[in-house]
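User: I should like to understand how the terms used for a protein structure follow from its atoms. Please take me through some examples.

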Amino acid sequence: MKLGLVSAILDGWNFEEMIDTVSEMGLTCVEAACWPQGKAERRYAGVSHIDVEGMTDEKAAYILDYCKKKNVEISALAFYPNTMDGNLEKRQENIAHLKKVIEASARLGVNLVTTFIGRDSGKSVEENIEFFREIWPPIIAYAEEKKVRIAIENCPMLFGKDQWPGGQNLMTTPVIWRKLFEIIDSEYFGLNYDPSHFIWQQMDYIKPIYEFRDKIFHVHYKDIKLYRDRLEECGVMAYPLEYMSPKLPGLGDVDWGYYVSALTDIGYEGYTCIEVEDKAFEGSRERVLDSIRLSKRYLEQFVI
């Protein structure tokens, strides 16, 4: 397995500075954020370390050459929008940019894009599955044409009132994964597996690794701390951030030895990237860098 970083935490660093930082930290890969320029919609969104607009062979050659000199691989191009937004204009904009990210991933020879399925948060799961049946087959067909795999992160995108009631990502649980993989049976359609999202949903984050072993294209290392005292006060129907918080790996409730052990059981040898969303480490650039150092130091017990 290769240990890297999700670049979104390095907001304010340009491409070269971002790659330099990843290299200096001794990490070997990076999941590079590719949002549209200047269109932040939420925390960690809107970061763009690779501008996919007008990607040319010359630009791609420069990016790949710079990464090679710094001994850093691009694990995936990352863009996490809501492609099933109830607002038609937003939905179309997000799908259009996702296709540009797919094109850029092919041109760079990365051939992997990490993203969300999206969801109309005001509609039921059943209605969203039918929505998925309409929207996503053409996207995956386009990715297949470009020979680019699509890895969907299992984050519900339900944190507070802005995403209430249903969240903004349908592909959150094994029972839904099975249905969507049945609708789109493609070797180009899989998972970006993050154990932290199972924690606050109070689900087993190990068992699905074995069932979906052939669908795990990319892996995240992010932790979640569940505050039992708060949960007892507000219950599971409350906004999730009322009873949980994203943390650095090792500072939450994921058993990382158990998790990596399961990945080795299935023979996973792909990219694994640290995702930092811990508010305790966002006060300054140095604190952000500290968060990466601490995460790497901890995870090197299990991944070299």
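User: Leaving aside its neighbours within four places in sequence, which residues is Asp85 in contact with?

Analyst: In this predicted model, Asp85 is in contact with Lys90, Arg91 and Arg119. Asp85 itself is found in the loop between β3 (73–78) and α3 (88–108).

User: Why is Asp85 said to have no salt bridge?

Analyst: The nearest side chain of opposite charge, Lys90, is 4.9 Å away. A salt bridge requires a side-chain nitrogen of Lys or Arg within 4 Å of a carboxyl oxygen, so Asp85 has none, although it is buried.

User: What makes the approach of the Asp85 side chain to Asn87 a polar contact?

Analyst: The side chain of Asp85 reaches the backbone nitrogen of Asn87 at 2.7 Å. The limit for such a pair of N or O atoms is 3.5 Å, and therefore the value of 2.7 Å satisfies the distance condition.

User: How do you know that β7 and β10 pair?

Analyst: Pairing requires at least two bridges. β7 and β10 have three bridges, in the parallel sense, so they count as paired. Val219 has Thr272 in β10 as its bridge partner.

User: How many bridges join β1 and β10?

Analyst: Strand β1 (residues 2–6) pairs with β10 over four bridges, again in the parallel sense. Gly4 stands opposite Cys273 in β10.

User: What is the order of the strands in the barrel?

Analyst: Eight strands close into a barrel in the order β1-β2-β3-β4-β5-β6-β7-β10, with parallel pairing. Neighbouring strands of this sheet are turned by 30° against each other on average, direction ignored.

Technical notes
Residues are numbered from 1 along each chain as its sequence is written. This is a predicted model: local features need pLDDT of at least 70, side-chain atom pairs count only at pLDDT 80 or more; totals for chains, interfaces and linings use all residues. Side-chain values use heavy atoms; hydrogens and water are left out. Helices (H or I, at least four residues) and strands (E, at least two) are DSSP runs, numbered from the N terminus. Buried means under 20% relative accessible area, exposed over 50%, partly exposed in between (1.4 Å probe, protein chains only). Lys and Arg count as positive and Asp and Glu as negative; His and the chain ends are not counted. A polar contact is a pair of N or O atoms within 3.5 Å; within protein, one must be able to donate a hydrogen and the other to accept it, and residues adjacent in sequence count only if both atoms are side-chain atoms. Contact means heavy atoms within 4.5 Å. Axes are lines fitted to C-alpha atoms, for helices over the stretch in contact, and angles run from 0 to 180 degrees between N-to-C directions.
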